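Me: I am new to this structure and would like to get to know it. Could you walk me through it, one question at a time?

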Amino acid sequence: MKNRRMKEKNQIMSALKEQDKKGCSEARSLSRSRILRKIFFETLYLSTFTFGGGYVIVSLLKKKFVDDLHWIDDDEMLDLVAIAQSSPGAIAVNGAIVLGEDLAGFPGAICAVLGAILPPFVIIGLISVFYNIFKENFIFEALLTGMGAGVAAVVISVALDMGSDVVKSKDSINLLIMILAFIANYFFNVNVIWIIIAAVMIGVIRALTSRKGEKK
């Protein structure tokens with residue numbers, strides 16, 4: 001009975017992966033101009049109505065391009081987020097760049113970064129002009145307080161979503177890295193930069209070791 005359930009589960013997972021691959025191949029077959037327009041307007045929309053930092057927009061990029069459009073799969077999205085996180089600069093902009101470049105090359109990266117930076121540029125510019133009015137406005141302060149609570153929930157959702165993908169991969173080393181990284185940052189206040197560098201080094205060592213094993 002147990003083996004039968006495992007077999008059914010594997011069949012379902014295989015079907016979902018095939019569906020994701022089909023969606024990704026369909027995305028590649030679209031015209032370049034249509035893909036570029038879609039990248040620009042989707043990142044513009046998400047950036048305009050997203051508050052709370054880079055991790056929030058990363059979760060929305062995943063929902064749009066992975067879950068809704070099926071242009072990339074979960075594993076590829078995790079790789080892109082890792083690249084964005086380990087690169088200098090804001091993760092929202094980095095995430096948009098690597099996503100756009102992956103989907104449509106250099107023009108895709110340009111469209112994505114323009115869509116990501118235009119809304120905050122305009123909004124922050126307006127706020128700076130009327131800062132003295134906003135900073136003493138009770139309604140505005142209450143609005144920011146409410147946004148803070150909502151943003152915290154979204155960030156937790158992102159962490160659980162990405163963490164569950166690591167657990168599902170059943171890679172004991174990746175799972176150990178995730179747990180140790182959390183302990184180091186949360187309990188010992190280790191700078192995220194050092195955690196990222198350590199994770200990168202472990203990844204490089206694993207890749208080199210795996211390549212040597214394949215050659216043998």
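Reply: Happy to help; what follows is a short set of questions and answers about this predicted model.

Me: Let's start with the overall make-up. How many helices and how many strands does the chain have?

Reply: Reading from the N terminus, the elements run α-α-α-α-α-α-α-α-α. The count for the chain therefore comes to nine helices and zero strands.

Me: What share of the chain counts as buried?

Reply: Here a residue is buried if its relative accessible area is under 20%. The chain has 216 residues, and the buried share of them is 25%.

Me: Where do the buried residues of H2 lie around its axis?

Reply: The buried residues of H2 are Ile35, Leu36, Ile39, Glu42, Thr43, Leu46 and Ser47. They cover an arc of only 145° around the axis, so they lie on the same side of H2.

Me: What span should H2 have, and how far apart are its end C-alpha atoms?

Reply: H2 covers residues 32–48, which is 17 residues. The rise is 1.5 Å a residue, so the expected span is 24 Å, and this agrees with the distance between the end C-alpha atoms, 24 Å.

Me: And what about H7: how far apart are its end C-alpha atoms?

Reply: H7 has 31 residues, so at 1.5 Å a residue it should span 45 Å. Its buried residues include Val151, Val158 and Met162. Just after H7, Lys170 takes a positive phi of about 60°. The expected span agrees with the distance between the end C-alpha atoms of H7, which is 46 Å.

Me: Which helix gives the most to the largest nonpolar core?

Reply: In soluble globular proteins, nonpolar side chains tend to be buried together. The largest nonpolar core here has 27 residues, and Ile39, Leu61, Ile72, Met77, Leu99 and Leu103 have the most contacts inside it. H2, H3, H4, H5 and H7 each supply at least two residues of this core. With ten residues, the helix that gives the most to this core is H5.

Me: Which helix gives the most to the lining of the largest cavity?

Reply: There is one cavity of 30 Å³ or more, and the largest cavity holds about 40 Å³ of space. Its lining has at least two residues from each of H3, H4 and H5. With four residues, the helix that gives the most to this lining is H4.

Me: How many nonpolar, polar and charged residues are in that lining?

Reply: The lining is made up of Val58, Leu61, Met77, Leu80, Val81, Ala84, Gly95, Val98 and Leu99. Gly counts as polar here. By class, that gives eight nonpolar, one polar and no charged residues.

Methods: Residues are numbered from 1 along each chain as its sequence is written. This is a predicted model: local features need pLDDT of at least 70, side-chain atom pairs count only at pLDDT 80 or more; totals for chains, interfaces and linings use all residues. Side-chain values use heavy atoms; hydrogens and water are left out. On a 1 Å grid over the protein atoms alone, a cavity is a set of points where a 1.4 Å probe fits but cannot get out, and a pocket is an open set with protein on both sides within 12 Å along at least five of seven lines; lining residues have an atom within 4 Å of a point. Grid points are joined across faces, edges and corners, and a volume is the space filled by probe spheres set on the points. The expected span of a helix is 1.5 Å times one less than its number of residues. Buried means under 20% relative accessible area, exposed over 50%, partly exposed in between (1.4 Å probe, protein chains only). The arc is that of the directions from the helix axis to the C-beta atoms. A nonpolar core is a set of buried Ala, Val, Leu, Ile, Met, Phe, Trp, Tyr and Cys residues joined through side-chain atoms within 4.5 Å.
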